[in-house]
Amino acid sequence: MAMKQMTGLASAMMLGISGRIAKAFPQSSSAPAPAAPTGPFTLPPLPYAYDALEPYFDAETMHLHHDKHHKSYVDKLNAAVAGHPDISSRTVYDLVANLDAAPMELLTAIRNQGGGHANHSFWWETLGKGGAAPAGELAKAIDAKFGSFSAFQEKFTSAASGVFGSGWAWLSRLPNNTLIIETTANQDSPLTVGHTPVVGIDVWEHAYYLKYKNKRPDYIKAYFSVVNWDAVSAKYAAQTKA
Ligand SMILES: [Fe+2]
């Protein structure tokens, strides 16, 4: 299935529009939250403190982004796959990588909620304050493809800035081990078209609107200060090791 040709089946279901934040998470409500469906998919803990990425990514946004938005994808995915043990026994990465094999009645949920769970689970692990630039084999691959790290940053920034509405920009590895900058709409994943994400940036407004308002370029610039290039480079080297 050509992901870039997808038109976004259920974007209205998502929580990515900033104007909905206050409505979705009213601060004054004392009503208990409804019990969330349990398992089989779980929200991974944020691998650092909420304020670990300050001042670039603020703690309040990180809190909402992980504990509310990401959790919502997990809860809705669990609700959708209840009663489908053949689906719930697989990893979310496996599900989005084999979207064309999903049961028709679960296709939208796996694509949107599963994609949201997969994309965010991947994303948290690429962030942190470890290294200012790619290293080793990843640095060589970026130089070979884009000419330099700064040239890559320029192209990646342009791609992320150009995402219309909600989506992601990615540096992905193709099956032939070359790199590509690509974008996906909503919560579509590069995995669905056989690409392996190396890094990505969430450009849903829920990722930046509290701090950066409508200034997505400022958020993208800040993103480059919180990529854990040491971890990303080590993972790339392990994945591409002959
Ligand atoms: Fe997000």
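Let's start with the sheet: three strands line up in the order β2-β1-β3, making an open sheet with antiparallel pairing. The two edge positions belong to β2 (179-185) and β3, and each has a single partner strand, so one side of each is left without a neighbour in the sheet. On average, neighbouring strands here are turned by 25° against each other, direction ignored. Keep in mind as you look around that this is a predicted model.

Now step back for a moment to see where that sheet sits. The protein has ten helices and three strands. Read from the N terminus, the elements go α-α-α-α-α-α-α-β-β-β-α-α-α. Of the 242 residues in the protein, 36% are buried. Among contacts with a separation of 6 or more, 72% are between residues 24 or more positions apart.

Back to the sheet, and to β1 in particular. What joins strands like these? Strands of a sheet pair through backbone hydrogen bonds, either parallel or antiparallel. With β2, strand β1 pairs in the antiparallel sense over seven bridges. You can pick out Leu171, which stands opposite Ile181 in β2, and Ser172, whose bridge partner in β2 is Ile180. The two strands make a hairpin with five residues between them. In that turn, look for Asn177, which has a positive phi of about 70°. With β3, strand β1 pairs in the antiparallel sense over six bridges; here Ala169 has Ile201 as its bridge partner.

How much of β1 is buried? Seven of its seven residues are, so β1 is largely enclosed by the rest of the structure. It helps to know that in a regular strand the side chains alternate between the two faces of the sheet. On one side of β1 you'll find Gly167, Ala169, Leu171 and Arg173, and on the other Trp168, Trp170 and Ser172, with both faces covered. One element to look for here is helix α5 (residues 107-126), which lies across β1 and β3 and runs at about 90° to β3.

That brings us to the inside of the protein. The largest nonpolar core has 28 residues, and the ones touching the most other members are Ala160, Ala169, Ile201, Val203, Val227 and Val232. Elements that each supply at least two residues of this core are α6 (136-146), α7 (149-161), β1 (167-173), β3 (196-202), α9 (216-223) and α10 (229-240). The biggest giver is β1, with four residues. A second, separate core has 16 residues, including Phe41, Leu95, Ile110 and Leu191. For a feel of the packing in the largest core, take Val232: setting aside its neighbours within four places in sequence, Val232 is in contact with Thr126, Leu138, Val198, Val199 and Val227.

Two of the helices that feed the largest core are worth a closer look. In α6, the buried residues are Leu138, Ala141 and Ile142. Why do these three end up together? They cover an arc of only 100° around the axis, which puts them on the same side of α6. They pack against α7, β2 and α10. On the face turned away from this buried side sit the exposed residues Lys140 and Ala144. Just after the helix, Gly147 takes a positive phi of about 100°.

Helix α9 can be read in a similar way. Its buried residues include Arg216, Tyr219, Ile220 and Tyr223. These four cover an arc of only 100° around the axis, which puts them on the same side of α9. What do the buried residues of α9 pack against? Their partners are α7, β3 and α8 (209-212).

Finally, go to Leu191, one of the members of the second core. Leu191 lies in the loop between β2 and β3. Is Leu191 buried or exposed? It has 24 C-beta neighbours inside 10 Å, so Leu191 counts as buried. Not counting residues up to four places away in sequence, Leu191 touches Tyr93, Val96, Ala97 and Ala118. You can also find Gly115 from here: Gly115 and Leu191 are 76 residues apart along the chain, while their C-alpha atoms are separated by 9.4 Å.

Terms used
Residues numbered from 1 in each chain as written. Predicted model: local features only at pLDDT ≥ 70, side-chain atom pairs only at ≥ 80, totals over all residues. Core = buried A, V, L, I, M, F, W, Y, C linked by C-beta atoms within 7 Å. Buried ≥ 20, exposed ≤ 12 C-beta atoms within 10 Å, placed from the backbone. Contact = placed C-beta atoms within 7 Å. Arc of directions from axis to C-beta. Pairing = 2+ DSSP bridges. Axes fitted to C-alpha atoms, helices over the stretch in contact; angles between N-to-C directions.
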